[in-house]
Amino acid sequence: RLQAPGSSGLATAGLVARSRWSARPAVPSNMTVTRGGYNRITLHHTASVPGSRFDGSLGDSLRTVNTIQRNHMGNEGWGDIGYHFVVDRAGRVWEARPIKYQGAHVKNQNERNIGILCLGNFEEQMPTRDQVRGLEVLVVNLRNQYRIPTSRVRTHRELANTLCPGRNLQAAVNSSRAARRFV
């Protein structure tokens with residue numbers, strides 16, 4: 001297990017720190033500092049990102065995470081990428097928005113809510129075994145660090161009228177819950 005450098009403080013194997021993926025500096029004036037600690041986690045998928053193959057290669061994941069950050073900061077005007085963590089198809093966990101800032105991933109429900117994005121379009125693709133395992137490990141670590149009950153780990157579609165995180169990732173999350181792998 002590695003202690004992540006930088007802002008997250010999360011101990012998890014395979015964490016790709018912001019400095020390792022050349023993240024643009026966050027713009028604190030466009031974000032809200034989280035107050036009172038986190039009490040829930042929301043899971044998402046990318047659906048589509050121009051130029052991304054979602055093949056699990058380091059190069060494709062790097063390009064995809066950078067493209068998402070550029071879009072969120074440039075087109076949306078946000079202070080950083082909207083999610084706190086990204087899990088690629090190889091199971092690597094990418095440190096995204098600094099954890100000290102509220103995410104931008106569930107409209108009107110971001111307060112005290114950690115956002116995790118899984119790379120892929122899970123309406124069309126199946127998540128890989130490595131990706132699901134990386135997600136499970138991340139969720140367990142975050143739950144333990146912030147004392148978040150399993151009942152407060154949700155998918156985007158469980159909070160809003162959306163297809164996110166896609167039917168195939170939703171099925172994998174349901175399976176992980178049934179097997180108690182988020183505990």
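Here are four short exercises, each with a worked solution, on the predicted model shown above.

**Exercise 1. Classify the aromatic pair**

Find which rings pair in this model, and decide how they are arranged.

*Solution.* Start with the count, which comes to one aromatic pair. The partners are tyrosine 38 and tyrosine 146, with ring centres 5.4 Å apart and planes at 80 degrees. Planes over 60 degrees apart count as edge-to-face, so this pair is edge-to-face. Next, place the two residues: tyrosine 38 sits in the loop between strand 1 (15-16) and strand 2 (40-45), while tyrosine 146 belongs to helix 2 (residues 129-146). They are 108 residues apart, and the pair links distant parts of the chain. Finally, check the cover on tyrosine 38: its relative accessibility is 7%, so tyrosine 38 counts as buried.

**Exercise 2. Look around arginine 89**

Work out what surrounds the side chain of arginine 89.

*Solution.* First locate arginine 89, in the loop between strand 3 (85-87) and strand 4 (93-95). Then look for a partner of opposite charge: the nearest such side chain, aspartate 55, is 7.4 Å away. A salt bridge needs the atoms within 4 Å, and arginine 89, although buried, has none. Now try polar contacts: the side chain of arginine 89 makes one with the side chain of glutamine 131, at 3.5 Å. Beyond its neighbours within four places in sequence, arginine 89 is in contact with residues including Phe54, Leu119, Phe122, Met126 and Asp130.

**Exercise 3. Map strand 2**

Describe the cover, the two faces and the pairing partners of strand 2.

*Solution.* Begin with the cover: six of the six residues in strand 2 are buried. Then sort the side chains by direction. Arg40, Thr42 and His44 point one way, and Ile41, Leu43 and His45 point the other way. This fits the general pattern, in which side chains of a regular strand alternate between the two faces of the sheet. Last, trace the partners. Strand 5 (residues 113-118) pairs with strand 2 in the parallel sense over six bridges, with arginine 40 opposite asparagine 113. Strand 6 (residues 153-155) also runs parallel to strand 2, joined by three bridges, and here isoleucine 41 stands opposite valine 153.

**Exercise 4. Inspect the backbone**

For phenylalanine 54 and arginine 112, give phi and decide whether each is buried or partly exposed.

*Solution.* Phenylalanine 54, in the loop between strand 2 and helix 1 (58-75), has a positive phi of about 55 degrees. At 9% relative accessibility, phenylalanine 54 counts as buried. Arginine 112, in the loop between strand 4 and strand 5, has a positive phi of about 60 degrees. At 27% relative accessibility, arginine 112 counts as partly exposed.

Technical notes
Residues are numbered from 1 along each chain as its sequence is written. This is a predicted model: local features need pLDDT of at least 70, side-chain atom pairs count only at pLDDT 80 or more; totals for chains, interfaces and linings use all residues. Side-chain values use heavy atoms; hydrogens and water are left out. Rings of Phe, Tyr and Trp (its six-membered ring) pair if their centres lie within 6.5 Å; planes under 30 degrees apart count as stacked, over 60 as edge-to-face and the rest as tilted. Helices (H or I, at least four residues) and strands (E, at least two) are DSSP runs, numbered from the N terminus. Buried means under 20% relative accessible area, exposed over 50%, partly exposed in between (1.4 Å probe, protein chains only). Lys and Arg count as positive and Asp and Glu as negative; His and the chain ends are not counted. A polar contact is a pair of N or O atoms within 3.5 Å; within protein, one must be able to donate a hydrogen and the other to accept it, and residues adjacent in sequence count only if both atoms are side-chain atoms. Contact means heavy atoms within 4.5 Å. Two strands pair if DSSP finds at least two bridges between them.
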